[in-house]
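Me: Could you take a close look at one helix in this model and walk me through how it sits against its surroundings?

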Amino acid sequence: MTTKPQKEEPLDHSGAHGAEPSGSTVVFTDITEAPLEPLYAAAKAEVMTDAMVIFDGIVRNHDHGSAVRGLSYSAHPQAREYIAEVAAEVAAELDGVRLWAVHRVGPIAIGESALTVMAAAAHRGRAFDACELVADRVKARVPIWKEQELLDGSIEWVGVDTSSV
């Protein structure tokens with residue numbers, strides 16, 4: 001039995017005919033005082049594609065061995081621009097991703113979300129990569145500072161260099 005070689009058709013990446021999507025989109029970025037949890041359902045509907053990865057940074061009751069009573073985040077007035085820039089950079093670097101990233105500011109209770117990143121792509125590996133890049137870059141580059149009240153009553157600033165004060 002012999003088979004005739006099939007002529008391979010070039011792949012159509014336009015999104016038509018079931019092809020994987022190309023191009024990336026930043027769906028939404030923000031800095032807000034509002035709780036993030038109510039935003040999840042709408043965000044998932046906007047971002048969703050074949051694989052979605054969600055990073056949810058939850059306020060914890062401890063930090064580096066100390067018990068934390070509560071905390072508050074403060075942001076530079078241009079923090080919204082920075083978070084949008086970070087997401088746009090990742091979208092430019094990774095083809096076929098859809099991104100959503102929001103950081104909360106103001107007082108946040110233990111157990112609530114402080115930073116949420118959603119990344120979607122046709123395959124999980126790309127979605128994981130995009131989510132990790134956005135979360136890491138937001139933490140490293142967006143000017144947001146954390147003030148923690150420890151259980152012993154002391155106050156600790158995280159992300160602020162106080163060594164020269």
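Reply: Sure, let's go with helix 2, and start with its inward side: the buried residues there are Ala 79, Ile 83, Val 86, Ala 87, Val 90 and Ala 91. Looking down the axis of helix 2, those buried residues fall within an arc of 135°, so they line one face of the helix. Flip to the face turned away from the buried side and you meet the exposed residues Glu 81 and Ala 92. Bear in mind that this is a predicted model.

As for the helix itself, residues 79-93 make up its 15 residues, and it reaches 21 Å from first C-alpha to last, close to the 21 Å expected at 1.5 Å a residue.

Now, what does the buried side lean on? Its residues pack against strand 1 (25-32), strand 4 (66-75), strand 5 (98-104), helix 3 (124-141) and strand 8 (144-150).

Two of those packing partners, strand 4 and strand 8, also pair with each other, antiparallel and over seven bridges. Within that pairing, Ser 74 has Trp 145 of strand 8 as its bridge partner. Strand 4 is also joined by three bridges to strand 6 (residues 106-108), again running antiparallel, and there Ser 72 stands opposite Pro 107.

Strand 4 has a further antiparallel partner in strand 3 (residues 62-63), over two bridges, with His 62 bridged to Ala 67 in strand 4. Strand 3 and strand 4 form a hairpin with two residues between them, and His 64 in the turn has a positive phi of about 50°.

Key:
Residues are numbered from 1 along each chain as its sequence is written. This is a predicted model: local features need pLDDT of at least 70, side-chain atom pairs count only at pLDDT 80 or more; totals for chains, interfaces and linings use all residues. Side-chain values use heavy atoms; hydrogens and water are left out. Helices (H or I, at least four residues) and strands (E, at least two) are DSSP runs, numbered from the N terminus. The expected span of a helix is 1.5 Å times one less than its number of residues. Buried means under 20% relative accessible area, exposed over 50%, partly exposed in between (1.4 Å probe, protein chains only). The arc is that of the directions from the helix axis to the C-beta atoms. Contact means heavy atoms within 4.5 Å. Two strands pair if DSSP finds at least two bridges between them.
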